[in-house]
Amino acid sequence: MIRPFFCFLAFFLCLFRFGESQTLNELPQDYFVTPLDLDLILSGTFGELRSNHFHSGLDIKTNQRTGAKVLATASGYVSRVKIERYGYGKALYITHPNGYTSVYAHLEKFSPRIEHYVKKKQYLNESYSIQLFPKDLELRVDQGELIAYSGNSGGSGGPHLHFEIRDAASRPINPMLMGIDIPDTKRPLVKEVKAYPLKETSTINGKHEAQLLRLIPLKGGKFKVAPFSAYGEIGIGVNTSDQQNGATNQNGTYHIVTHWNGTQNFEMTFDQYAFDESRYINQMIDYEHFKTTKSRIARLYIPEGSPLSLYQDHVNKGVLQLFDPGTTHAYRIAIEDYKKNAVEINMSIKNDSGPSALLSPTNGQLTYVNHNITYNEQKGPFSLTIPKGALYESVLLDISQNADTLKVHSDIVPLHRNMVINYDISPKENDNIKQYYIGRVTEWGAVYHVNTKRRGNTLSAATRTLGTYAISKDDVPPTITPVNFKHKQWITNNTTLTIKIDDAETGVDAYRATVNGKFILMEYDYKTGELTHDFEDGVVTDTENELKVILTDNVGNSTTFEATFYRKSKPTI
């Protein structure tokens with residue numbers, strides 16, 4: 001009993017000693033080893049620009065297959081297990097004596113010891129989705145020990161391992177800073193450069209509108225931009241990506257620095273950030289350009305109010321000032337990957353004359369919304385609230401209502417916080433109002449369910465996406481179809497029991513499966529729409545078995561499926 005106590009004490013003394021003391025220049029270089037016994041080829045880099053977030057780790061390819069052995073990158077203990085339908089899917093967190101935590105996500109399954117621990121808890125809670133926080137002595141692991149098998153669970157777009165390292169404050173750190181080596185001899189790519197007028201009197205080539213600039217490739221990883229003129233305060237943005245050895249897919253870059261007339265005026269490095277900063281990516285990129293072209297341009301200046309710690313040294317927040325007509329300035333962008341493969345973009349900017357009048361946009365039928373004040377508006381049966389701070393800047397929005405449809409501009413302006421849409425459904429109270437919901441209408445007319453709550457006769461939905469919303473009704477129950485068995489069939493040789501579930505309109509909310517009245521665990525893969533029970537769980541032991549599955553959609557429509565199957569206690573050979 002003495003030895004475990006001293007191991008426990010030593011572990012937490014290490015946590016105290018190393019947790020917050022190390023800077024990025026002092027990170028351990030030989031503490032962590034590769035989490036896969038494969039060549040490290042990436043499909044995603046740290047800090048890569050993703051929808052609504054920066055990528056928090058490395059996506060490591062697994063040869064387009066699941067089942068690769070995932071190894072503990074350092075000794076420690078499993079401090080968290082999270083299983084969810086979306087997001088990280090099956091994820092494992094290991095806390096290490098030096099204060100860092102490694103994360104392994106989109107897993108297929110855990111190693112036998114950990115799998116047994118997790119399934120026991122899932123059956124105890126009668127839930128597939130679960131979050132566990134084991135204590136130090138429950139699931140200790142050694143460096144290089146098998147902890148899981150790679151998969152494609154959750155929101156993964158294909159088989160791979162998502163791998164992270166987080167510090168004691170749960171901030172993700174670029175694993176390459178910790179000695180995880182990725183071969184890379186390829187230069188970053190440059191696709192677009194854009195100039196932005198930042199004030200009402202600013203112009204680009206005489207116009208008060210952002211403009212893409214003509215890129216001219218040169219030799220040796222250099223580019224130049226066709227000369228242009230500008231006036232006032234302007235900003236520059238770039239669309240860039242990187243490639244590593246062994247793959248052609250395009251990932252994020254590591255370091256961008258700019259110089260204005262020979263003096264550095266902006267720097268951005270993708271080495272560490274906090275999760276609560278991540279959504280500010282929508283302020284950092286040209287959001288409207290992304291939504292209309294699917295191309296992400298990173299602004300090389302700091303937007304007003306941005307807290308991003310990715311920004312480093314800057315002069316005037318990277319904003320360029322051109323007020324002296326006739327003067328010509330030199331601007332240079334240097335882009336590097338982690339292995340210091342680099343490209344350079346040079347441009348010449350001539351000071352233009354200022355405009356003769358303010359170039360404010362015309363109002364028309366648009367509504368001015370101040371981002372520093374909560375906006376409330378009643379539109380027919382709808383009420384709309386855009387809270388203070390939800391918008392990154394004050395804007396003109398197209399807000400209108402027609403019958404059961406509310407238009408709140410379009411998804412070309414980002415929201416940082418939820419706006420709230422309420423709808424008075426009392427005129428429909430003679431109908432089954434439980435089946436009504438608020439849905440987002442796409443450009444092609446489809447309606448997608450938004451999580452909707454009902455308080456009395458008021459429907460309410462919170463969303464961080466501008467667009468058109470309509471009141472819809474879903475009175476069609478979800479469907480359940482057996483996949484690998486039939487009613488009253490012998491399935492002794494089956495290793496699994498699989499059914500397909502679907503709800504065409506509002507989507508699956510909850511399900512519960514029992515055999516002979518006893519809960520059985522069924523794993524849900526939303527990409528295939530399948531629920532799968534593994535007979536190795538040892539719950540199904542009778543010969544004659546009554547399966548019952550209850551499935552509910554997001555407005556409460558329910559379907560019950562029942563079937564009988566037969567199974568011997570041991571598979572026939």
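## The E30–E31 hairpin

In this predicted model, the hairpin of E30 and E31 turns with two residues between its strands, and Ala403 takes a positive phi near 55 degrees there. The two strands run antiparallel and are joined by four bridges. One of the pairs to look for is Asn402, whose bridge partner in E31 is Thr405.

Strand E31 (residues 405-408) is a nice one to look at side-on. In a regular strand the side chains alternate between the two faces of the sheet. E31 shows that pattern: Leu406 and Val408 point to one face and are buried, while Thr405 and Lys407 point to the other and are not buried.

## The five-stranded sheet around it

Follow E31 outward and you land in an open sheet of five strands, ordered E30-E31-E37-E33-E34, with antiparallel pairing. Strand E30 (399-402) and strand E34 (447-449) sit at the edges, each pairing on one side only. Ignoring direction, neighbouring strands of this sheet are turned by 30 degrees against each other on average.

As for the individual pairings, E31 meets strand E37 (residues 467-473) in the antiparallel sense over four bridges. Here Leu406, one of the buried residues of E31, stands opposite Tyr469 in E37. Towards the other edge, strand E33 (residues 436-441) and E34 are also antiparallel, with three bridges, and Val441 stands opposite Val447 in E34.

## Strand E28 and its partners

Is strand E28 enclosed or open to the outside? Four of the five residues of E28 (residues 382-386) are buried, so the strand is largely enclosed by the rest of the structure.

E28 has a hairpin partner in strand E27 (residues 375-379): the two run antiparallel and five bridges join them. Tyr375 stands opposite Ile386 in E28. The hairpin has two residues between the strands, and Gly380 takes a positive phi near 60 degrees. E28 also pairs with strand E32 (residues 419-424), again in the antiparallel sense, over four bridges. In that pairing, Thr385 has Val420 of E32 as its bridge partner.

## Met347, a buried spot

Met347 belongs to strand E25 (residues 342-351). With a relative accessible area of 4%, Met347 counts as buried, because the cut-off for that label is under 20%.

Which residues does Met347 touch, once its neighbours within four places in sequence are left aside? The list runs Val193, Val225, Phe228, Ile236, His329, Ala330, Tyr331 and Ile333. Take His329 from that set: the residue is 18 residues from Met347 along the chain, and the two C-alpha atoms are separated by 8.3 Å.

## The largest pocket

The largest pocket holds about 1900 Å³ of space. It is lined by 46 residues, and the closest to its centre are Pro197, Leu198, Glu393, Ser394 and Val395. Strand E15 (189-197), helix H3 (281-284), helix H4 (287-293) and strand E29 (395-397) each supply at least two residues of that lining. H4 has the largest share, with four residues.

Sorted by class, this lining has 20 nonpolar, 14 polar and twelve charged residues.

## The second largest pocket

Next comes a pocket with about 880 Å³ of space. Its lining has 35 residues, and those closest to the centre are Lys90, Glu108, Glu115, Glu523 and Asp534. At least two lining residues come from each of strand E9 (107-110), helix H2 (112-125), strand E43 (523-525) and strand E44 (530-534). H2 gives the most, with six residues.

What does this lining look like by class? There are eight nonpolar, twelve polar and 15 charged residues.

## A single cavity

The structure holds one cavity of 30 Å³ or more. The largest cavity has a volume of about 110 Å³. Among its 15 lining residues, Thr45, Met176, Gln244, Tyr254 and Tyr338 lie nearest the centre. The lining splits by class into six nonpolar, five polar and four charged residues.

Definitions and conventions: Residues are numbered from 1 along each chain as its sequence is written. This is a predicted model: local features need pLDDT of at least 70, side-chain atom pairs count only at pLDDT 80 or more; totals for chains, interfaces and linings use all residues. Side-chain values use heavy atoms; hydrogens and water are left out. On a 1 Å grid over the protein atoms alone, a cavity is a set of points where a 1.4 Å probe fits but cannot get out, and a pocket is an open set with protein on both sides within 12 Å along at least five of seven lines; lining residues have an atom within 4 Å of a point. Grid points are joined across faces, edges and corners, and a volume is the space filled by probe spheres set on the points. Ala, Val, Leu, Ile, Met, Phe, Trp, Tyr, Cys and Pro count as nonpolar, Asp, Glu, Lys and Arg as charged, and the others, Gly among them, as polar. Two strands pair if DSSP finds at least two bridges between them. Axes are lines fitted to C-alpha atoms, for helices over the stretch in contact, and angles run from 0 to 180 degrees between N-to-C directions. Buried means under 20% relative accessible area, exposed over 50%, partly exposed in between (1.4 Å probe, protein chains only). Contact means heavy atoms within 4.5 Å.
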